Amino acid sequence: MKIYVDNAATTKMSRAAVEAMLPYMSEIYGNPSSLHSDGQAAAEALYSARERIAAVLGCTAKEITFTSGGSESDTQAIITAAKLGESKGKKHIISTAFEHHAVLHTLEALEKQGFEITLLDIDEYGLITAEQVKNALREDTCLVTVMFANNEIGTIQPIGEIGAVCRAAGVLFHTDAVQAVGHLNINVIEQNIDILSLSAHKFHGPKGAGVLYARKGIALQNVIFGGAQERGKRAGTENIPAIMGMAKALEDSAANISANSEKLIKMRNRLINGLSEIPHSILNGDREKRLPGNVNFCFEGIEGESLLLLLDDKGIAASSGSACTSGALDPSHVLLALGRPHEIAHGSLRLSLSVENTDEEIEYIITAVKEVVEYLRSMSPVWRDLVSGKKEFVIK
Amino acid sequence: MALYSEKVMDHFRNPRNVGVIENADGIGEVGNAKCGDIMKIYLKIENDIIADVKFETFGCGSAIASSSMATEMIKGKPLSEALTLTNKAVAEALDGLPTHKLHCSVLAEEAIKSAIRDYYERNGIEYDHKLFPDCGSCGHCCGEQ
């Protein structure tokens, strides 16, 4: 049995997306910047992809910039807002403690350049409020950047409300919507989003393609310099095959959000209920306000990497916020921000589902995780100390 | 290339000498749960020979594999020989560890030394303190201690 439940890391491309790409590799392969008919055919395809993506997000084609993916979009969004702010003497940025590193590390770089960064704390359910944002706003705030849904614990933030607060204050609002696009309903107008980042490979599109939406009037700051592609704001020959695959994958995902969510939420809730039966385990993140396919648990007394390796032996591909899986010294900053102590955060497991998963797979996963957790606990000196009463359980 | 060698995966999947020795003659525990790994070694000593050894480990794949390999390497050996076991020898016996996992083999060496020192101290046996670097601060650890 082979079960892929690491869809927050990346997804399998849909057949339709693969097929949408193929003609642009060997038939319509011209450079859209070329004047000849081969180039113009590619330019037309690019134009249509831009329109189709804009339609899904609720914006205009001119507000869409193609990038290499989420990290590039996040970086360019933040650099843009920072430069605009700096020109007006505004050098304060508000974000959250559990953003993706593409956001956090860009903010750290700006901090070294004299920007002041406020990172809002999340509550015990992995959520922030618009009120928190409002209270953190200052005269010199140039940007609020809050992720739409968290990549590890899947919690969905009140983006529309935060957008309204920012709009009322006249502060730019960016959201890293990499985990949300294709899975949740998004409309940049209704949700008062000024700038948005998305990545194709999180919704069954290809890797290496992304979008930066920036509301009309926001002058993007280049991160990549060179030719005049993307209205001069992002140099480099466009990755037409990937962009065509992205447009197709996005249209399909967006058209099926309701049906997919219903199926995913059913499987997700069964998985959460099943894993909750494991003693001294805890769900990370709010039970309801989370991505339809996201499940994230901590199991006390074990370490996440060994859990992943043994699950892999049972055919299950999952992920963990343990430090050992990444080579970092500290466990996941998201779980630490949630208030989990280091030793608990090391024992985390993320299962991110797609509609291709089945009810049978969910039952198999529940049984497998129970077995592996029990086995690892049986050889854990930490678990022995907890059971013998020498140490107190953190997770009751 | 896979993260771990076949040997690491073998010792991880089928760890040797897992468990506890009741009334052990020496027990050593090193590491810190905050850092993601703790190793505990139990020794049964007869006539200065390691008659039996068991381990319990909380940690990643290479921590479990290092514990398993290290216990195999000292089982049935005189204490004097067990004391010469180095982390390098453990890592080599596992056909190597990724650089950021080398500390797991260090923990294995330290856990064994800590258990032997415990045996010496319990029995009032004189020993060369220089052979036992202080394991309380294993140096590999994460920010907070």
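Student: How far apart are the mean positions of the positive and negative charges of chain B?

Tutor: Before the answer, please note that this is a predicted model. In chain B, the mean positions of the 15 positive and 22 negative charges are 3 Å apart. For chain A, the centres of the two sets lie 2 Å apart, the sets being 38 positive and 49 negative side chains.

Student: Which helices and strands should I look for in chain B, and in what pattern do they follow one another?

Tutor: Chain B contains five helices and three strands. Along the sequence they follow the pattern α-β-β-β-α-α-α-α. The radius of gyration of chain B, 14 Å, is close to the 15 Å that the globule rule gives for 145 residues, so chain B is as compact as a globular protein of that length. The C-alpha trace spans about 50 × 35 × 25 Å along its principal axes.

Student: How many helices and strands does chain A have?

Tutor: Chain A has 15 helices and 12 strands. With a radius of gyration of 22 Å, close to the 21 Å that the globule rule gives for 396 residues, chain A is likewise as compact as a globular protein of its length. Its C-alpha atoms fill a box of roughly 75 × 50 × 35 Å along the principal axes.

Student: What percentage of the residues in each chain is buried?

Tutor: A residue counts as buried when its relative accessible area is under 20%. In chain A, buried residues make up 59% of the 396 residues. In chain B, they make up 53% of the 145 residues.

Student: What is the accessible surface of each chain, and what share of it belongs to carbon and sulfur atoms?

Tutor: Chain A has an accessible surface of about 15800 Å², and 53% of that belongs to carbon and sulfur atoms. Chain B exposes about 6400 Å², with carbon and sulfur atoms supplying 47%.

Student: What share of the contacts joins residues 24 or more positions apart?

Tutor: Consider the contacts with a separation of 6 or more. In chain A, residues 24 or more positions apart account for 72% of them. In chain B, the corresponding value is 62%.

Student: How many salt bridges are there over all chains?

Tutor: The general idea is that side chains of opposite charge can pair when their charged atoms come close. Over all chains, the count comes to 29 salt bridges. One of them joins the side chains of E116(A) and R138(A), at 2.9 Å from N to O. This pair links distant parts of the chain: E116(A) is in strand β4 (residues 116-120), whereas R138(A) is in the loop between α6 (130-136) and β5 (141-145), 22 residues apart. Moreover, E116(A), R138(A) and D140(A) are linked in a network of salt bridges.

Student: Are E116(A) and R138(A) buried or partly exposed?

Tutor: E116(A) has 43% relative accessibility, and it therefore counts as partly exposed. R138(A), with a relative accessible area of 32%, is also partly exposed.

Student: Where do the salt-bridge partners K248(A) and D252(A) lie?

Tutor: Both lie in helix α8 (residues 240-255) of chain A, four residues apart, which is about one turn of the helix. The closest N and O atoms of this salt bridge are 3.2 Å apart. K248(A) is partly exposed at 25% relative accessibility, and D252(A) is partly exposed at 26%.

Student: Which residue forms a salt bridge with R122(B)?

Tutor: The partner is D118(B), and the closest N and O atoms are 3.0 Å apart. Both residues belong to helix α5 (residues 102-122) of chain B, and they too are four residues apart, about one turn of the helix. R122(B) has a relative accessible area of 46% and is partly exposed.

Student: Where is I224(A) found, and what is it in contact with?

Tutor: I224(A) is found in the loop between β8 (210-214) and α8 of chain A. Leaving aside neighbours within four places in sequence, I224(A) is in contact with E72(A), R234(A) and A235(A). At 32% relative accessibility, I224(A) is partly exposed.

Student: What separates G31(B) and I125(B) in sequence and in space?

Tutor: They are 94 residues apart in sequence and 25 Å apart in space, from C-alpha to C-alpha. G31(B) lies in strand β1 (residues 26-32) of chain B, and its relative accessible area of 35% makes it partly exposed.

Note on methods
Residues are numbered from 1 along each chain as its sequence is written. Chains are lettered from A and ligands numbered from 1 in the order in which they are written. This is a predicted model: local features need pLDDT of at least 70, side-chain atom pairs count only at pLDDT 80 or more; totals for chains, interfaces and linings use all residues. Side-chain values use heavy atoms; hydrogens and water are left out. A salt bridge is a side-chain nitrogen of Lys or Arg within 4 Å of a carboxyl oxygen of Asp or Glu. Helices (H or I, at least four residues) and strands (E, at least two) are DSSP runs, numbered from the N terminus. Buried means under 20% relative accessible area, exposed over 50%, partly exposed in between (1.4 Å probe, protein chains only). The radius of gyration is taken over C-alpha atoms; the globule rule is 2.2 Å times the number of residues to the power 0.38. Contact means heavy atoms within 4.5 Å. Accessible areas come from the Shrake-Rupley method with a 1.4 Å probe; for residues, only the protein chains shown count as cover. Lys and Arg count as positive and Asp and Glu as negative; His and the chain ends are not counted. The place of a charge is taken as NZ of Lys, CZ of Arg, CG of Asp or CD of Glu.
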